[in-house]
Amino acid sequence: MSVRELVVLGTASQVPTRHRNHNGYLLRWDGEGLLFDPGEGTQRQMLRAGVAAHDLHRICVTHFHGDHSLGLAGVIQRINLDQVPHPVTAHYPRSGQRFFERLRYSTAYRETVGVTEAPVDADGTLATTPSYTLEARLLSHPVESYGYRVVEPDGRRMLPERLAAHGIRGADVGRIQREGVLDGVSLDDVSETRRGQRFAFVMDTRLCDGVHALAEGADLLVIESTFLDEDERLAVDHGHLTAGQAARAARDAGVRHLVLTHFSQRYTEPEEFERQARAAGFEGELTVAHDLQRVPMPKRR
């Protein structure tokens, strides 16, 4: 049985707190694991969450501020220590190549796994697998930053009443799925498009075209909400979003489940983020993230 869920490893912005680790998010997508923004302490948070190095297939870094990347050194060394048997690919802004190399080789260790470097330098598709397409979009932050989007290919949903009306049953159902037509009946006659699931990951950014493109139609959107709305000026100055801005973007994009995260240490009442997101008009499922939380992908539409 396939598993699709978000494992939240850390939710703090800039500095960890007593209750929040630096950023870190693992997306389990069928048999693969995509690790986003491994901040300081990610390796230990993985242990606490029951996530092994063997679970990792891709590492996606939005930008090279420390709270989003300082954990790279430990994670990459753990991948090598545990001799992960499958390929691991790292995506990150090409402008931060020197930071990636410094973190990858920050100390001496035995390199047993060839981590493939696949830097990002433009909007577009980064990888295509049978299970998903990984895309990137440029965001707006003081340093170059990219958000990521995982899109499942559309499929087909068979319609039992139409199959019955055309007398198609048993092995013939599989045959029309494979061949597209059976005795003059087309696949379109007995099925409909089943839209693939979509996951979006948006970290440090002001509102921009990239935010809206990534969020559009997402089943699950993980998005930074560093500030509350009363501190919007600070958010704009430092290249971040408020809870209300993130929620409005999710509302306008038709997001089904919104996950707010990356909270400034200045706030001690997480309930206020939820209140402001609801006040902004977001009516879907809403999670104010906390460390070591698991968030399942919504059921298919």
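These legends go with several views of one predicted protein model.

**View 1. The whole chain and its building blocks.** Let's start with the parts list: the protein has 11 helices and 18 strands. Its radius of gyration is 21 Å, close to the 19 Å that the globule rule gives for 301 residues, so the protein is as compact as a globular protein of that length. If you follow the C-alpha trace along its principal axes, it spans about 65 × 50 × 35 Å.

**View 2. Inside and outside.** Of the protein's 301 residues, 54% count as buried. On the outside, the protein exposes about 13500 Å², and 48% of that comes from carbon and sulfur atoms.

**View 3. Who touches whom along the chain.** Take the contacts in the protein with a separation of 6 or more: 66% of them join residues 24 or more positions apart.

**View 4. Where the charges sit on average.** The protein carries 36 positive and 42 negative charges. Work out the mean position of each group, and the two turn out to be 3 Å apart.

**View 5. A close look at helix 4.** Helix 4 covers residues 97-104, and its buried residues are Gln 97, Phe 100, Leu 103 and Arg 104. Look down the helix axis and these buried residues fall within an arc of 130 degrees, so they line one face of helix 4. Here's the background: an α-helix has 3.6 residues a turn, so residues three or four places apart point the same way.

**View 6. The neighbours of helix 4.** What do the buried residues of helix 4 pack against? Their partners are two helices, helix 2 (66-69) and helix 3 (72-81), along with strand 5 (88-91) and strand 6 (115-117).

How values were computed
Residues are numbered from 1 along each chain as its sequence is written. This is a predicted model: local features need pLDDT of at least 70, side-chain atom pairs count only at pLDDT 80 or more; totals for chains, interfaces and linings use all residues. Side-chain values use heavy atoms; hydrogens and water are left out. Helices (H or I, at least four residues) and strands (E, at least two) are DSSP runs, numbered from the N terminus. The radius of gyration is taken over C-alpha atoms; the globule rule is 2.2 Å times the number of residues to the power 0.38. Buried means under 20% relative accessible area, exposed over 50%, partly exposed in between (1.4 Å probe, protein chains only). Contact means heavy atoms within 4.5 Å. Accessible areas come from the Shrake-Rupley method with a 1.4 Å probe; for residues, only the protein chains shown count as cover. Lys and Arg count as positive and Asp and Glu as negative; His and the chain ends are not counted. The place of a charge is taken as NZ of Lys, CZ of Arg, CG of Asp or CD of Glu. The arc is that of the directions from the helix axis to the C-beta atoms.
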